[in-house]
Amino acid sequence: DHHAHARPLPTQPQCLFSIIAFSVVVVYAGDSKIDYVLFTGISSMIITLAFILVYVLDWEDNSLMRTTELIINLLWWVFWLAAAIVTSTINDDGRRQASCAFSWMTWIVWSASCVQSFVARKPSKTAG
């Protein structure tokens, strides 16, 4: 089954975009809106790195892991939607504008990952 090699594709941009979304505004830490973006971005980076490890070690091919992945993807989809909305209200300089753009791009990639996780949970109709 080659789906394990295709699965990390959304995960790599998720990790990269998450890093960019929080790293450009880390200088504003202490503001609650920025701190939320930092939490969402840093936790996303950690989660996506963990998912990449799961894929590399080929541990994702069981129903518990697929369900866990779907739940995490749905939660962080909500977190990134909120982060994108928050950054849209404070994009008054170049760093915040970059964070806003990457927050929305990260949310889009998490959307794709949610769909992919949902599809992966469905039982295969082909006999192996």
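K33, Y36, V37, F39, T40, G41, S43, S44, I47, F51, V54 and Y55 of α3 are in contact with M65, E69, I72, N73, W76, F79, W80, A82, A83, V86, T87 and T89 of α4, where contact means heavy atoms within 4.5 Å. Sorted by class, that contact has 15 nonpolar, 7 polar and 2 charged residues. Nonpolar here covers Ala, Val, Leu, Ile, Met, Phe, Trp, Tyr, Cys and Pro, charged covers Asp, Glu, Lys and Arg, and the others, Gly among them, go down as polar.

Some ground rules before we go on. This is a predicted model, in which local features need pLDDT of at least 70 and side-chain atom pairs count only at pLDDT 80 or more, while totals for chains, interfaces and linings use all residues. Residues are numbered from 1 along each chain as its sequence is written, and side-chain values use heavy atoms, with hydrogens and water left out.

Zooming out, the chain has 5 helices and 0 strands, so its pattern along the sequence reads α-α-α-α-α. Helices (H or I, at least four residues) and strands (E, at least two) are DSSP runs, numbered from the N terminus. Of the 128 residues, 38% count as buried, which is to say under 20% relative accessible area, with exposed meaning over 50% and partly exposed in between (1.4 Å probe, protein chains only). If you take the contacts with a separation of 6 or more, 74% of them come from residues 24 or more positions apart.

Now back to the α3 and α4 pair. Their axes are 10 Å apart and they pack at an angle of about 150°; axes are lines fitted to C-alpha atoms, for helices over the stretch in contact, and angles run from 0 to 180 degrees between N-to-C directions. That makes α3 and α4 roughly antiparallel, given that angles over 145 degrees count as roughly antiparallel, under 35 as roughly parallel, 65 to 115 as roughly perpendicular and the rest as oblique. Their crossing is left-handed, meaning that the near helix is turned anticlockwise from the far one by less than a right angle (clockwise would be right-handed).

Two residues of α3 are worth a click. T40 sits in helix α3 and counts as buried because its relative accessibility is 0%. Leaving aside neighbours within four places in sequence, T40 is in contact with W76, F79, W80 and A83. S44, also found in helix α3, counts as buried at 0% relative accessibility too. Not counting residues up to four places away in sequence, S44 touches S18, W76, W80 and W110. The C-alpha atoms of S44 and F17 are 9.5 Å apart, with their positions 27 residues apart along the chain.

What about α4 itself? Its 27 residues (63-89) should span 39 Å at 1.5 Å a residue, and the end C-alpha atoms are indeed 39 Å apart; the expected span is 1.5 Å times one less than the number of residues. Buried residues in α4 include W76, W80 and A83.

That leaves α5. α4 and α5 pack at about 160° with their axes 8 Å apart, and they are therefore roughly antiparallel. α4 passes α5 in a left-handed crossing, and the residues of their contact divide into 17 nonpolar, 10 polar and 3 charged. The axes of α3 (residues 32-56) and α5 (residues 94-121) come within 12 Å and cross at roughly 45°, which makes α3 oblique to α5. I34, V37, S44, I47 and T48 of α3 meet R96, S99 and W110 of α5.
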